[in-house]
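Colleague: Got a minute to walk me through this model? I'd like to ask about whatever catches my eye.

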Amino acid sequence: MAIDIHPAPTTRPRRILGMRCRNCGVVQPIGLSYVCPACFGPLEVDYDYAVAGVTLTREAIATRAPGIWRYAELLPVDAPPARGLPVGSTPLLPADRLAPVLGLDRLLIKDDTRNPSLSFKDRAVAVAAARAVEFGVEALACASTGNLAGATAAAAAAIGLPAYVFIPADLEPAKVDHALAYGATVVPIDGTYDDVNRLCLEVADETGWGFVNINLRPFYAEGSKTLAYEIAEALGWRSPDVIVGPVASGAMFTRVARGFEELASLGLIEDRPIRFVGGQAAGCAPVAAAWAAGTDVIEPVRTPDTMVRSLAIGNPADGRYVVELVNATGGSVEAIDDLVTAGAIRDVARLEGIYPETAGGVTLAAAAAARRRGVIRPGDEVVALLTGNGLKTPDARTLGHGDGVARPGEPGLAPTIRPSLSAFERWLGGEA
């Protein structure tokens, strides 16, 4: 399944050793490969951390410009790219008003809604796009549940490559428009995300295009590690007690854990336990179901039934690794009803001034569920990853929220009134 029509450069920094299979450990050279030729397991980038640690110090990082490339030694590129979007260095914000609503004592929000295309996917795509340029691919492409569509289209525009975005035909219109705005060719598919992904596997093999989450996946996945780096740096080079994040394919969730492990191995943070809590929509929760059943065997969901389309991956590639991670760390994977998700979106928006998309609502509701379960304990410092902006899923906010018409003293959209003080006073007094 691996293709190598554009060979990688023959010289590269010694910190990048090659690609290693996560299952059997076989090593092979860097290339447009994503599946182990020996066992068909997933390939990951292999680093020499002793080399990386020579120049990656707290002091060196502090002198560098904001963005993900301040941690370049732990990213799988020969050098930071000459062109690209300013990705990363998003804020880590205290959520003191929301915390008690969720039953938490200490809550921090990693607000990745502020990236260039309004989601954390910009991190992963930035790394994949940098590699795509080094490989000399002719186009950037992706299979997307939504946020990746905009991120891929924006990154391609920034580096001057055409973009092809494959999506389920029922994707939220705002996400489709977002990708179109950057000049992408958007290809709707009559089927689920898993149908889209299967098609893209074939297209990638036939065309040699750089599919960020297929043949560029080993590099793409590494971009999510920068969430861990930024959280640790913002906390004064330490880790929190609990990380809570959404689970779609599971790649972001597991790579955040790897990021903290790397920092500890380099001595940049103390090696201390972190519990990982994942959230899935109840209408597409194969990983949560496996965890609840006490197995790491993921039973695919054939037909997702949820408004949370960004997490609607019925057969997640890294699902088993998510279960292994939460079991190893004493965490959990929570399945969240759509009505609860919508309520969490409203709560964080009105209490903290942050408006997340549906995956963010799932994440916050998962934190509350894990607290009720006892996975999150009294006094724990919890970091919740809000990975996309609510402007992409505007209809989700009002689910289960009545007719949405504001009465006096209530938030919401008031009825149209005449431009006079008397008309306003009549409305304020509750007159029809």
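**Salt bridges, pockets and odd loops**

Modeller: Sure, let's begin in helix 10, where glutamate 262 and arginine 258 sit 4 residues apart, about one turn of the helix. Keep in mind that this is a predicted model.

Colleague: OK, what do glutamate 262 and arginine 258 form, and how far apart are the closest N and O atoms?

Modeller: They form a salt bridge, with the closest N and O atoms 3.6 Å apart.

Colleague: Are glutamate 262 and arginine 258 buried or exposed?

Modeller: Glutamate 262 is buried, and arginine 258 is too.

Colleague: Which residues are linked with them in a network of salt bridges?

Modeller: The network takes in Arg22, Glu44, Arg217, Glu222, Lys225, Arg255, Arg258, Glu262 and Asp318. One link in it is arginine 217 with aspartate 318, whose closest N and O atoms are 3.0 Å apart. That pair joins distant parts of the chain: arginine 217 is in helix 8, while aspartate 318 is in the loop between helix 11 (286-293) and helix 12, 101 residues away. Arginine 217 and aspartate 318 are both buried.

Colleague: How many salt bridges does the structure hold?

Modeller: There are 30. Another one pairs aspartate 78 with arginine 131, with 3.5 Å between the closest N and O atoms. Aspartate 78 is in the loop between helix 2 (58-62) and strand 4 (92-94), and arginine 131 is in helix 4 (residues 121-135), so this bridge ties together parts 53 residues apart in sequence.

Colleague: And arginine 131, buried or exposed?

Modeller: Buried, because its relative accessible area is 0%. Aspartate 78 comes out as partly exposed, because its relative accessibility is 22%.

Colleague: Switching topic. What volume does the largest pocket have?

Modeller: About 830 Å³. Its lining has 31 residues, and those nearest the centre are Asn197, Arg217, Pro316, Ala317 and Asp318. So you meet the salt-bridge partners Arg217 and Asp318 again there.

Colleague: Which elements give two or more residues to that lining?

Modeller: Helix 7 (193-207), helix 8 (217-220), helix 10 (251-265) and helix 12 (319-329). Helix 7 gives the largest share, 5 residues.

Colleague: What's the lining of the largest pocket like by class?

Modeller: It has 17 nonpolar, 7 polar and 7 charged residues.

Colleague: Now the closed spaces. How many cavities of 30 Å³ or more are there?

Modeller: The count is 1. That cavity holds about 340 Å³ of space. It is lined by 28 residues, with Phe120, Lys121, Tyr220, Ala248 and Ser249 nearest its centre. Helix 4, helix 5, helix 8 and helix 10 are the elements that each give two or more residues to the lining.

Colleague: And by class, for the lining of the largest cavity?

Modeller: There are 15 nonpolar, 10 polar and 3 charged residues.

Colleague: You mentioned helix 5. Where does alanine 149 lie?

Modeller: Alanine 149 lies in helix 5, which covers residues 147-159. It counts as buried because its relative accessibility is 0%. Alanine 149 and aspartate 194 are 45 residues apart in sequence and 15 Å apart in space, going from C-alpha to C-alpha.

Colleague: Let's go to the surface. Which residues make the nonpolar surface patch of about 370 Å²?

Modeller: Ile417, Leu421, Phe424 and Leu428. Phenylalanine 424 is in helix 15 (residues 421-428). It counts as partly exposed because its relative accessibility is 36%.

Colleague: Last topic, backbone angles. What is the phi of phenylalanine 40?

Modeller: Phenylalanine 40 has a positive phi of about 70°, and it isn't a glycine. Most residues other than glycine have a negative phi.

Colleague: Where is phenylalanine 40 found?

Modeller: In the loop between strand 2 (27-28) and strand 3 (43-47). It counts as exposed because its relative accessibility is 62%.

Colleague: And what about the phi of leucine 118?

Modeller: That one is near 75°, a positive value in another residue that isn't glycine. Leucine 118 sits in the loop between strand 5 (106-111) and helix 4. At 25% relative accessibility, leucine 118 is classed as partly exposed.

Colleague: Great, that's what I was after. Thanks!

Notes
Residues are numbered from 1 along each chain as its sequence is written. This is a predicted model: local features need pLDDT of at least 70, side-chain atom pairs count only at pLDDT 80 or more; totals for chains, interfaces and linings use all residues. Side-chain values use heavy atoms; hydrogens and water are left out. Patches are made of residues with over 30% relative accessible area and no salt bridge: like charges are joined within 9 Å, nonpolar side chains (Val, Leu, Ile, Met, Phe, Trp, Tyr) within 5 Å. Accessible areas come from the Shrake-Rupley method with a 1.4 Å probe; for residues, only the protein chains shown count as cover. A salt bridge is a side-chain nitrogen of Lys or Arg within 4 Å of a carboxyl oxygen of Asp or Glu. Buried means under 20% relative accessible area, exposed over 50%, partly exposed in between (1.4 Å probe, protein chains only). On a 1 Å grid over the protein atoms alone, a cavity is a set of points where a 1.4 Å probe fits but cannot get out, and a pocket is an open set with protein on both sides within 12 Å along at least five of seven lines; lining residues have an atom within 4 Å of a point. Grid points are joined across faces, edges and corners, and a volume is the space filled by probe spheres set on the points. Ala, Val, Leu, Ile, Met, Phe, Trp, Tyr, Cys and Pro count as nonpolar, Asp, Glu, Lys and Arg as charged, and the others, Gly among them, as polar.
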